[in-house]
Amino acid sequence: MTTPYGAATSTVIRSDPKIQVHNFIGLKASHSLAFNKNSPLSLLRKSRPPVIRAVSTPMKTDTATETKRSKVEIIKEGSNYIRYPLNEELLTDAPNINEAATQLIKFHGSYQQYNRDERGTRSYSFMLRTKNPCGKVSNELYLTMDDLADQFGIGTLRLTTRQTFQLHGVLKKDLKTVMSSIIRSMGSTLGACGDLNRNVLAPAAPIARKDYLFAQETAENIAALLTPQSGFYYDMWVDGEKIMTAEPPEVVKARNDNSHGTNFPDSPEPIYGTQFLPRKFKIAVTVPGDNSVDILTNDIGVVVVSDENGEPQGFNIYVGGGMGRTHRLETTFPRLAEPLGYVPKDDILYAVKAIVVTQRENGRRDDRKYSRMKYLISSWGIEKFRSVVEQYYGKKFEPFRELPEWEFKSYLGWHEQGGGNFYCGLHVDNGRIGGEMKKTLREVIEKYNLNVRITPNQNLILCDIRSAWKHTITTALAQAGLLLPRYVDPLNITAMACPAFPLCPLAITEAERGIPGILKRVRAVFEKVGLKYNESVVIRVTGCPNGCARPYMAELGLVGDGPNSYQIWLGGRPNQTQLARSFMNKVKVQDLENVLEPLFYYWKRKRQSKESFGDFTTRMGFDKLKELVEKWEGPVVGPSRYNLKLFADRETYEAMDELAKLQNKSAHQLAIEVIRNFVAAQQNGKSE
């Protein structure tokens, strides 16, 4: 009997005693080749690839057709659990590492990059990404990251959409120093990239409420459960010294449990084996109603379910979300997670492990474009997927519990934390901390010994603040441009962008560097068509279709599809519960107003009561919207209502008008911006 790769073999194995199940120690076949000094990657490519067999898969006969595998699968298999040839490449004098090592260093939490703004010889560097379940960052780790950015990076820190730091610009010769410094400050980059579980999200707010605390504890336990065990990370960066805190006994018990055929016996990687997962894997945990984590975009979404007294009883589980896609390849797509079922609270680690193992055994390993779990579920359907997971779980899932409507929560501004303390959520444009902002944050965090949290919206939360400190901290932050949320443009509050140029090798066009100008232009369009300042839309920009800033959940998503060009996506919701759809391709950045003006103009005039922009575009339909865009000749402009009131004399108006033209604004727009910033600075200095 032969089994095609990705087939649901285990649905028949356990019920048919005639079929023998072969036990394997890891996915690595006994006759497969291993990397060593005398067998470089070039020789491996010419070699006959070994058959990968997995737990609960029927043994193939000798006449079975061997399954095609991607190049990365071959690299992983011969790496001695993510060590070789990275360990040797790091010792060379070259500024970069070879292709195999480039794939492996991802598992250690790093990407090799080069500055794409520069021409000629490539100037290589490395981006490091930390692993911070729930976005938790200790005072010690924050100060270490701040120091490393100045000493070994480009002088900035980047907060990511998965509650982690990214540190750019680290040279190869400094990698071990930087990595070991992070590890010794009780941080980690292990598994922040690569084909394994990434950082586990949870609401970042330090709220002393049972369900929030339980969600965060669960996220940390899931992260521990799925952390690699073979020691490659510590071997590479701290010479084998394993620096970590003790794991909860329930995590160790769940990891070691093999009562349902989930583990590789006697393997240093009991869950992952030699091959790890087919692709990246993302998990988020939250409480009912709190969608600060974009719950439906994850491979697994876990929601705490409590009783009427607020005591956590169990979890609803969603599966199959994911954002990445490929332009002009309709068989790739973003997808929302869907309900799988409910489990009691003591079973969550076993249920998550069963889902991960189902993906490990059945996810495609031949073509990485289709290796995410969303494609497995899309192919199988949720019923078949649930049936296979239940065999590894050992139980039936209970019916999904009813949940309230989701709401996006930013946690910006001042809030009570409990115990007499406060926390303060700070908006950080695109998550980039640098300049005066970085200096001031360092001073405040160090002076008051504060712990911090990173949010999934690229913002920062300062925790454990005493009431007596609020005024001083607010004033210092305001002077560095970190304003209270009521003084930040509402468009900026929910906007996100990926880094893109100059360092991301996948970028097609600008994102982080482009979004400030795009948001100002959107604000100008709002004013032109008569939308109020407090009205907003969720805007997300990415430099390529991989979707790191989750643009396919935005009301207005801009996805790079060429030089200075974007694909426009419309139809997401403010609470991130509906996928956007592709509306228009190849819109040049300088032509965005030609599309956005008519869309916002008709939203202002034809929307229903309290109808969001995303829901409006869905209701109207794309054919009608395209017709309105094509026929657009501009809004009917009435007489100015404010210039004579705003400017006391013509000379001041003309001077402001000249300055405004340099910034592609009207005199009124620039004047309002100046006044607003002045008032914000004054008010922030007085607020508590």
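This note goes through a predicted model point by point, from its overall make-up to particular helices, loops and residues.

1. Overall make-up. The protein in this predicted model has 688 residues, of which 59% are buried, and its secondary structure comes to 23 helices and 19 strands. When contacts between residues at least 6 apart in sequence are considered, 69% of them join residues that are at least 24 apart.

2. Cysteines. The count of disulfides comes to 0, where a disulfide would need a pair of cysteine sulfur atoms within 2.5 Å. Two cysteines can be named here for their surroundings: Cys-134 counts as buried because its relative accessibility is 0%, under the 20% limit, and Cys-424 is buried as well, with a relative accessible area of 1%.

3. Helices α6 and α14. Two packed helices are described by the angle between their axes and the distance between the axes. For helix α6 (residues 139-152) and helix α14 (residues 435-447), the axes come within 10 Å and cross at roughly 150°. Since angles over 145 degrees count as roughly antiparallel, α6 and α14 are therefore roughly antiparallel to each other. The crossing in which α6 passes α14 is left-handed. On the side of α6 the contact is made by Asn-139, Tyr-142, Leu-143, Asp-146, Asp-147, Ala-149 and Asp-150, while α14 contributes Lys-438, Leu-441, Arg-442, Ile-445 and Glu-446. Sorted by type, the residues of this contact between α6 and α14 are 5 nonpolar, 1 polar and 6 charged.

4. Helices α18 and α19. Helix α18 (residues 592-606) packs with helix α19 (residues 613-620) at an angle of about 90°, and their axes are 10 Å apart. Because angles of 65 to 115 degrees count as roughly perpendicular, α18 is described as roughly perpendicular to α19. The residues that meet are Leu-599, Phe-600, Tyr-602, Trp-603 and Lys-606 from α18, and Phe-613, Phe-616, Arg-619 and Met-620 from α19. In this contact of α18 with α19 there are 7 nonpolar residues, no polar ones and 2 charged ones.

5. Helix α7 and its neighbours. Within helix α7 (residues 175-184), the buried residues are Leu-175, Val-178, Met-179, Ser-180, Ile-182 and Ile-183. An α-helix has 3.6 residues a turn, so residues three or four places apart point the same way. The elements against which the buried residues of α7 pack are the strands β1 (110-114), β2 (124-129) and β5 (165-170), together with the helices α6 and α9 (232-237). After α7 comes Met-186, which has a positive phi near 65°.

6. Leu-484 and Thr-494. Leu-484 is placed in the loop between α15 (470-479) and α16 (490-494), and its relative accessibility of 9% is under 20%, so Leu-484 counts as buried. Although Leu-484 and Leu-412 are 72 residues apart in sequence, their C-alpha atoms are 7.6 Å apart in space. Thr-494 belongs to helix α16 and also counts as buried, with 14% relative accessibility. Its C-alpha atom is separated by 9.9 Å from that of Asn-430, and the two residues are 64 residues apart along the chain. If residues up to four places away in sequence are not counted, Thr-494 touches Phe-408, Asn-457, Ser-536, Val-537, Val-538, Ile-539 and Arg-540.

7. Cis peptide bonds. Tyr-84 and Pro-85 are joined by a cis peptide bond with an omega of about 10°, and Pro-85 is found in the loop between α3 (71-77) and α4 (86-89). Another cis peptide bond runs from Phe-501 to Pro-502, with omega near 10°, and here Pro-502 lies in the loop between β15 (496-497) and α17 (515-529).

8. Positive phi outside glycine. Phe-276 is not a glycine, yet it has a positive phi of about 55°. This residue, Phe-276, sits in the loop between α10 (249-256) and β6 (283-286), and it is buried, with a relative accessible area of 0%. Lys-586, again a residue other than glycine, has a positive phi near 55°. Its place is in strand β19 (residues 581-588), and Lys-586 counts as partly exposed because its relative accessibility of 49% falls between the 20% limit for buried and the 50% limit for exposed.

How values were computed: Residues are numbered from 1 along each chain as its sequence is written. This is a predicted model: local features need pLDDT of at least 70, side-chain atom pairs count only at pLDDT 80 or more; totals for chains, interfaces and linings use all residues. Side-chain values use heavy atoms; hydrogens and water are left out. Axes are lines fitted to C-alpha atoms, for helices over the stretch in contact, and angles run from 0 to 180 degrees between N-to-C directions. Helices (H or I, at least four residues) and strands (E, at least two) are DSSP runs, numbered from the N terminus. Angles under 35 degrees count as roughly parallel, over 145 as roughly antiparallel, 65 to 115 as roughly perpendicular and the rest as oblique. A crossing is left-handed if the near helix is turned anticlockwise from the far one by less than a right angle, and right-handed if clockwise. Contact means heavy atoms within 4.5 Å. Ala, Val, Leu, Ile, Met, Phe, Trp, Tyr, Cys and Pro count as nonpolar, Asp, Glu, Lys and Arg as charged, and the others, Gly among them, as polar. Buried means under 20% relative accessible area, exposed over 50%, partly exposed in between (1.4 Å probe, protein chains only).
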